[in-house]
Amino acid sequence: MNSLMRSFLARALVSICWSAAAALAEPSNPRLSPTNIFAPLSTPAQSIFDLSLLVLDITCAIFIVVFALLVYAAIKFRKRGTAHVHEPTQVYGSTQLELAWTVIPVLVVVVLFLASARVIASIQNADRPANAIQVTVIGHQFWWEYRYPSLGVVTANELHIPVSDPSKPIPTFLTLLSADTDHSFWVPRLAGKTDLIPNHPNRMWMDPHEMGVYLGQCAQYCGTQHALMLLRVYVETPDAFNRWIENQRQPAQVNGAPEGQKIFERTACVNCHTVRGTAAIGRFGPDLTHLMSRDTIASGAATNTPENLRHWIQNPDAIKPGSKMPAMGLSDPELNSVTAYMETLR
Amino acid sequence: MSALSAVVVEPDIRWNPARGPVAMYCLIGAETAIFAIFVVAYIFYIGKSLTGPQPRDVLQLPVFATICLLASSLTIHVAVKLLRAGRVFSFGLSWLLTVVLGAIFLVATLREWHHLIYDDRLTIQTNLFGTTYYSLVGLHAFHVTVGLLALLTVLALTLRGNVGIQHAARAAVLSMYWHFVDVVWVVVFVVVYVIGR
Amino acid sequence: MPTESVVKPAAELGTRSPLVERLHSWVTTVDHKRLGLLYIFYALIFLLFGGIEATIMRIQLIRPLNSFVSPQVFNRMFTMHGTTMIFFFAMPIMFGFANYLVPLMIGARDMAFPRLNAFSFWMTAFGGLLLYFSFVGGDGLYGAGSAPDVGWFAYAPLTSKTFSQGHSTDFWILALLVSGFGSVGTAINIIATIICMRCKGMSLGKMPLLAWLTLTMAGLVILAVSPLTAAQLMLLVDRYLGGHFFDTQAGGSAVMWMHFFWVFGHPEVYVLVLPAFAFASEIIPVFSRKAIFGYPIMVAATICIGFIGMSVWAHHMFTVGMSSSANSFFVLSTMAIAVPTGIKIFNWLATMWGGQIEFRTPMLFCVAFLFQFLIAGLTGIMMGAAPFDWQLSASYFVVAHFHYVIVGGILFTLFAAVYYWFPKMSGKMYSETLGKLHFWLFVIGFHLTFDFMHIPGILGMPRRIYTYEPGRGWDIWNLIVTIGVFFQAAGLLVFIANLFRSYFRGRVAGSDPWDAWTLEWSTTSPPPAYNFAVIPGVKSRRPLWDLKHPEDPDWHYE
């Protein structure tokens, strides 16, 4: 009774799990999740997905065989009744059997190793073509800094890259650095994660096949606000990307809110933030020159609306407790002015 | 189950190894693993200091100290043999010599450090070389110190007349630790003063 | 050897209350059985603490953008949960069982070094108290005090003075340093006992598998805990003496901490799982009424696991940017260890095959173990394929995997072991009804929590986050995972109740309630302080089988 119930329950649970996994493996089902590792849209993520299917096939087969044997043994060799019977035949071992179930796993190991080694090489040792976009990513507690060295752009938190048509690809190569502790760049639909470790530059690449906004977040515990160090990658046409670059290269258009600008530059804001073309040249916090070109603030923790912006400047801990930006203790009129100034930074 | 009394035999100690040496080998194994990590760190950081004095600028071969420590292994080996033969007074002399040689080694280390800190301005904070050097050599010196304390305890007991031929096996186990400390020094010497410079 | 060596005058004896006498005898004991029980009680208390920490986290994660606890408290919870469960629940309880069982199973009167045994226990105990003092040190309980919040593997440079001001990290370092000395002491004791104190006739090839697995486990402790000790000493040098071991600004390497930690961390999980295998290897044969299938290859597989287990550590570091050759090497070693581990599963299965299986509570837990450990091993193989791991690592898939091993594998066999040896340790039989109730509650809870936990990982949810955005597809799964926790908690309560009730009101068990075959069942329940009236001698791996079946003893076949 017990073992039968147990095997039924276990089998039911297993069926549910594997159906769920099968549903998830549906390649183009982003409605399930925007960060589904089984919905790749870039070559590295696709290579990983293909390898994962092989691994899942093999492990599934092993599971089914062993599980079936376990259930069969539990039912067939159950003791019937409560009377004491003779002890069953004692079997101490079998060389053929033990040889078989050593050799077969060894073969499986060899297959999996070779398949993995191939994918490792194809992703890690890929050459960087001449037309690749190069971005330096610098991880901070708790935001992302992006520099396009050959294009003269410095920005933060929202990464823009061009879409890559498989027939004539334009991949993006990222150099990963850190200004403080360990972080990890993980946008599941574009690539596997790679860590950002201080004094240990890393490299990764991606070539998104479809336009859109890709989500992800930091995947290596980096301190209090690790959870809200979110990633947004904007993949657009090469033309749109070039326009974005052109805009980001411009210094700030500063004549919209002189009152707010004065407060900004007089207070400690300038110790951390840069607004290119003004006196603000701080590097500890995100570059704000084109803050209004971003959809979110605080590395994705809030949408970029005037209310949220004002709230953030007033008390960062209310939105992202433990972030490194202190509350500046501004009065209400000062807050209004500074927010208005920020709103001019398009 | 009293039926087991049909197979009554007292444990035959001769066919199982003795506990003391087995335990000491295990302790040596654990200590080897700790030293291995410090040695790996030392080797990894060779040449990686961003500033400050480099090994070849400040390190001199501690030849005399090394000879003393290696000789102390010889004297402790002799001491154990003497104790096994029951010659307690000679054992005491050899043991004392071991302690003296070990102490000379420690004093030499301290003098070297004094010179490095005050004359060459190399401290544990100075650079990667300073950190790894003092940690590795210091860890070894700590083990020498602990060993010396143990040896001194035995020496004190010998002077009180409490040590006899029946303690030879235990003295041998302690001497294993001392030999281990010596072997570690050989490794540290090669890594720090030969390869690292 | 009597514990009191001084004869007290009668008047003085009369003034000490029995309770104080009893406490004193427990605190000063050097008897391996009592120390074993102390380890086990201590560990079960810390199991409850770790469980409370897990429950707090799961309530916080039951829905997105929840505010049950602050991020600071949450980060302390996951650090303390991991550290507690590994160092102050799992390791002590395994040492406890090893202490209790090994001398009995090899026919010895005690461990090789009884005083070292006591010293090791108290070091471990003190380490746990030191770690938990961090909650009340500093700010007191507000905001979970000064408890460490750097994660149980404490990556550099988050642990440097710059990023971890105050003493929270120091509590982590010192508590583990102290208990590490205790662990090494116990390991030395175990090895010396097994090598030197087996009874007459018990060659290494005739000792129970539990002894082999415990011996290998002790060897791994000696080789693996030491690197952690070394790394922690280096971290102390950095934090207090201005050293630069992990100071990236001075050229130091954060990756080196990872290497040193995982050189400890991976063998550590084998330290935890080998005793689990030991319990399965003793319990499954008895309840299948058959000898373990393939004893020699089980021994060989154990030793292989020990060796290979020391060479897989960087599979925890596939994402840190090692070269493709280094990554490939660790893929190979990680896949390779699946071979001896798989062999063991097949051997247990073959032991059940053709037997007469009785599904008493210990066997229920062991069969569930087989099913769950199989799955855990397979998800491990998935992550051993490094590119797949580039997606799965540091996500809830990994969290699900290792909980599947530790809870579904190790904790389940621990429950089996408690039920199996409870009659021997206490002299009383546990309630089979409550045992089965515990089993079903816990199995349901376990699968609700840890089966469904794999899915958020596949959908991109990283670990160690105190909250998450809605709209990622993670919400429903987190809800189900949290619900499972309450079933497991209920199961644990039934378990504790069963132990208490049975200890005081259970029926007398007798020396051999399971009709088993190893030496501990030949003495009374509980055993006397001296274990055996006469030290036995043996002729085979199952000495009691030989006595019960004189017409067909094992030594005809071995």
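**Close-up 1. A:R147 and its partner across the β2–β3 pair of chain A.** Here we start with A:R147, whose bridge partner in β3(A) is A:V154. This is a predicted model, so keep that in mind for every view that follows. The two strands, β2(A) and β3(A), pair in the antiparallel sense, with four bridges between them. Strand β3 of chain A covers residues 153–156. A hairpin links β2(A) and β3(A), leaving four residues between them. One residue to pick out in that turn is A:G152, which has a positive phi of about 70 degrees.

**Close-up 2. The hairpin of β1(A) and β2(A).** Step back along the chain and you meet another hairpin, in which two residues connect β1(A) to β2(A). Strand β1 of chain A takes in residues 133–140, and strand β2 of chain A takes in residues 143–148. These strands run antiparallel and are joined by five bridges. Which residue of β2(A) stands opposite A:I138? Look for A:E145. Likewise, A:G139 faces a residue of β2(A), namely A:W144, standing opposite it.

**Close-up 3. The five-stranded sheet of chain A.** Now widen the view to take in the sheet that holds both hairpins' strands. Five strands of chain A make up this open sheet, and reading across you pass β3, then β2, β1, β5 and β8. The pairing in the sheet is mixed. At the edges sit β3 and β8 (202–206) of chain A, each of which pairs on one side only. On average, neighbouring strands of the sheet are turned by 25 degrees against each other, if you ignore direction.

**Close-up 4. A:T43 in helix α2 of chain A.** This view centres on A:T43, a residue of helix α2 of chain A. Is A:T43 buried or exposed? It counts as buried, because 22 C-beta neighbours lie inside 10 Å of A:T43. A:P166 is 123 residues away along the chain, yet the C-alpha atoms of A:T43 and A:P166 are separated by 8.9 Å.

**Close-up 5. Domain 1 against domain 2 in chain A.** Chain A divides into three parts: domain 1 (2–124), domain 2 (133–237) and domain 3 (258–343). Where domains 1 and 2 of chain A meet, domain 1 puts in twelve residues and domain 2 puts in 13 residues. On the domain 1 side of this contact, eight residues are nonpolar and four are polar, with no charged residues.

**Close-up 6. Chain A on its own.** How many helices and strands does chain A have? There are nine helices and twelve strands. The radius of gyration of chain A is 28 Å, well over the 20 Å that the globule rule gives for 346 residues, so chain A is more spread out than a compact globule. Its C-alpha trace spans about 95 × 50 × 35 Å along the principal axes. Of the 346 residues of chain A, 42% count as buried. Take the contacts in chain A between residues at least 6 apart in sequence: 64% of them join residues at least 24 apart.

**Close-up 7. Chain A meets chain C.** In this view, 83 residues of chain A are in contact with 78 residues of chain C. Two pairs of chains are in contact, and chains A and C share the most contacts. On the chain A side, the elements giving two or more residues are α1 (2–24), α2 (43–76), α3 (95–124) and β7 (194–196). The largest share of that side comes from α3(A), with 16 residues. By class, the chain A side has 46 nonpolar, 29 polar and eight charged residues.

**Close-up 8. Chain C meets chain B.** Turning to the other side of the story, this contact takes 41 residues from chain C and 35 residues from chain B. In chain C, the elements that give two or more residues to this contact are α6 (168–196), α7 (209–241), α8 (254–288) and α17 (543–548). Of these, α7(C) gives the most, with ten residues. The chain C side splits into 28 nonpolar, ten polar and three charged residues. And what about chains A and B? They do not touch, and their nearest C-alpha atoms are 12 Å apart.

Conventions
Residues numbered from 1 in each chain as written. Chains lettered and ligands numbered in written order. Predicted model: local features only at pLDDT ≥ 70, side-chain atom pairs only at ≥ 80, totals over all residues. Contact = placed C-beta atoms within 7 Å. Nonpolar A, V, L, I, M, F, W, Y, C, P; charged D, E, K, R; others polar. Domains from an automatic or database assignment. Rg over C-alpha atoms; globule rule 2.2 N^0.38 Å. Buried ≥ 20, exposed ≤ 12 C-beta atoms within 10 Å, placed from the backbone. Pairing = 2+ DSSP bridges. Axes fitted to C-alpha atoms, helices over the stretch in contact; angles between N-to-C directions.
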